[in-house]
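Work through the exercises below with the sequence and the model at hand. Each task is followed by a solution in steps.

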Amino acid sequence: MRPVPHPLLRLVMRLDRTTAALAVLAASSAHGQVEVREIDPTDTDPAITPLVAPSGLEALHVAALDPALRPAERPGLLFVFLPGSGGVPTQYAEVVAHAAGEGWHALGVAYGSWPSVRDLTRDSSDPDLPEAIRRERLFGEPRTDVIDVPPPDAIDNRLARALAFLEAAHPGEGWGRFLDAGGEPTWRTIVVAGHSQGAGHAAYLTRDFSMGGAIMFAGPGDFVPGVGPAPWLFRGGNTPAERMLAFTHVNDPTAAGFFGNQRILGLEAFGGIESVDRRAAHELSSHMLTSLRDPGHRNFHSAVVVDEFLPTGATGENLYEPVWTYLLATQAEASRGCRADLDADGALSLFDFLAFQNAFATGDPTADFDGNGVLTLFDFLAFQNTFAAGCA
């Protein structure tokens with residue numbers, strides 16, 4: 001059975017799949033209507049294997065954007081969402097649409113998330129098996145015999161091919177900004193969020209890359225039987241904890257373990273575990289968030305982000321929306337000043353000037369630094385000022 005979406009996402013218009021299969025109009029943005037598109041991954045790369053989740057749902061990407069926003073009104077970051085075990089992005093459409101409503105480019109990536117990492121490692125004492133599974137699912141590296149993920153089916157390829165597809169289909173929207181010259185994801189411009197297994201992938205990527213950030217819903221996990229947290233959690237990372245946040249329901253059966261792993265990643269440096277209940281976004285401050293709210297069911301693990309299980313108010317509103325707003329705003333603030341890093345290599349250099357000149361010459365809206373909708377000399381001046389301010 002398909003999850004029942006929030007009322008704002010119930011208006012669905014099916015379009016031709018080759019031009020981004022599904023459009024949903026959602027009134028979640030103060031600027032306009034968020035456009036949400038479902039994309040068949042095999043349309044982005046014929047080498048990708050079509051997937052159907054154990055629930056019977058087709059594994060499709062979900063992309064979202066508010067087309068009414070000008071480049072200057074956006075944080076210049078891509079929100080990537082990775083589902084939990086057995087899940088697909090259409091079950092998390094609300095959080096993807098919410099990110100778009102906040103001005104982000106947003107993309108839920110469909111990948112083979114089953115069997116779960118926990119099930120695959122349950123009877124193993126190999127401390128490196130959780131990491132091997134994650135590397136194979138993320139990058140297609142042949143690390144273990146318990147799964148078989150060829151490179152085209154890996155998360156990084158699925159993400160890159162989806163962005164290239166969106167750039168080709170909608171060249172004025174700026175999706176290509178999140179790819180480098182070789183067509184690979186520019187991780188410094190990307191915030192990876194995920195639920196459960198997806199939270200673990202988000203955390204794992206922070207070990208290897210300097211990312212825009214990571215948001216972990218109900219995670220990260222990875223526990224070795226008889227040992228404790230997986231060794232990769234203790235490995236130094238390239239993304240500072242300042243750009244990592246987590247949200248876990250206190251009644252989640254694995255909450256204590258998730259909180260422990262969040263501490264290992266350094267999140268406690270920004271405050272202890274903080275309840276979000278009955279608090280506005282501006283009243284939150286910690287990077288380790290939790291809730292005691294009764295969602296009206298027992299699936300506390302999914303209540304923090306899965307559409308079907310979100311707690312709702314008297315008029316059907318998502319009661320965790322202020323939390324999501326805080327998470328996104330904190331990530332955007334942590335990455336402030338990096339809009340001038342147009343080549344997305346994590347540093348400001350001559351190459352960013354060349355990238356700006358190329359964008360300006362081709363009429364790319366990325367060069368609209370003063371946000372007035374046209375490209376003029378004032379965009380050069382605005383870019384120079386942003387560049388001079390540095391990259392936080």
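**Exercise 1. Surroundings of Pro229**

Task: Decide whether Pro229 is buried, partly exposed or exposed in this predicted model, and find its contacts.

Solution. Start with the relative accessible area of Pro229, which is 26%. Buried requires under 20% and exposed requires over 50%. Pro229 is therefore partly exposed. Next, place the residue: Pro229 belongs to strand β10, residues 228-229. Then list its contacts, leaving aside neighbours within four places in sequence: Asp222, Phe223, Phe234, Asn261 and Ile264. Finally, check a pair that is 28 residues apart along the chain: the C-alpha atoms of Pro229 and Gly257 are separated by 8.3 Å.

**Exercise 2. Strand β4 and its partners**

Task: Determine how many residues of β4 are buried, and which strands pair with β4.

Solution. Begin with burial: β4 covers residues 61-65, and 5 of its 5 residues are buried. Now split the strand by face. One side carries His61, Ala63 and Leu65, the other carries Val62 and Ala64, and both faces are covered. Turn to pairing. Strand β3 (residues 34-39) runs antiparallel to β4 and is joined to it by 5 bridges. Strand β6 (residues 105-108) also pairs with β4 in the antiparallel sense, over 3 bridges. To follow a single residue, take Val62: this residue is the bridge partner of Glu38 in the β3–β4 pairing, and in β6 its bridge partner is Gly108.

**Exercise 3. Ser113 in its loop**

Task: Establish whether Ser113 is buried or exposed, and identify the backbone atom close to a polar atom of its side chain.

Solution. First locate Ser113: it sits in the loop between β6 and α3 (117-121). Its relative accessibility is 0%, so Ser113 counts as buried. Then look at the side chain, where a polar atom lies 2.9 Å from the backbone nitrogen of Gly86. Last, collect the contacts, not counting residues up to four places away in sequence: Ser113 touches Gly84, Ser85, Gly86, Gly87, Arg137 and Gln197.

**Exercise 4. Packing of α4 and α6**

Task: Describe how helices α4 and α6 are arranged relative to each other.

Solution. Two packed helices are described by the angle between their axes and the distance between the axes. For α4 (residues 129-139) and α6 (residues 197-208), the angle is about 90 degrees and the axes are 10 Å apart. The range for roughly perpendicular is 65 to 115 degrees, and α4 and α6 are therefore roughly perpendicular to each other. For the contacting residues, α4 contributes Glu131, Arg134, Arg135, Arg137, Leu138 and Phe139, and these meet Gln197, Gly200, His201, Tyr204, Leu205 and Asp208 in α6.

**Exercise 5. Nonpolar cores and helix α5**

Task: Find the number of residues in the largest nonpolar core, and the helix that gives the most to it.

Solution. The largest nonpolar core has 43 residues, and those with the most contacts inside it are Leu78, Val80, Leu107, Leu159, Leu163, Val192 and Met216. Helix α5 (residues 155-169) gives the most to this core, with 7 residues. Another core lies apart from it and has 36 residues, including Trp104, Leu289, Val305 and Trp324. For one residue of α5, take Phe165. Its relative accessible area is 14%, so Phe165 is buried. Phe165 and Ile39 are 126 residues apart in sequence, and their C-alpha atoms are 9.2 Å apart.

Technical notes: Residues numbered from 1 in each chain as written. Predicted model: local features only at pLDDT ≥ 70, side-chain atom pairs only at ≥ 80, totals over all residues. Heavy atoms only, no water. Helix = DSSP H or I, 4+ residues; strand = E, 2+ residues; numbered from the N terminus. Buried < 20%, exposed > 50% of the residue type's maximum accessible area, 1.4 Å probe, protein only. Contact = heavy atoms within 4.5 Å. Pairing = 2+ DSSP bridges. Polar contact = N/O pair within 3.5 Å; in protein donor to acceptor, adjacent residues only side chain to side chain. Core = buried A, V, L, I, M, F, W, Y, C linked by side-chain atoms within 4.5 Å. Axes fitted to C-alpha atoms, helices over the stretch in contact; angles between N-to-C directions. Parallel < 35°, antiparallel > 145°, perpendicular 65-115°, else oblique.
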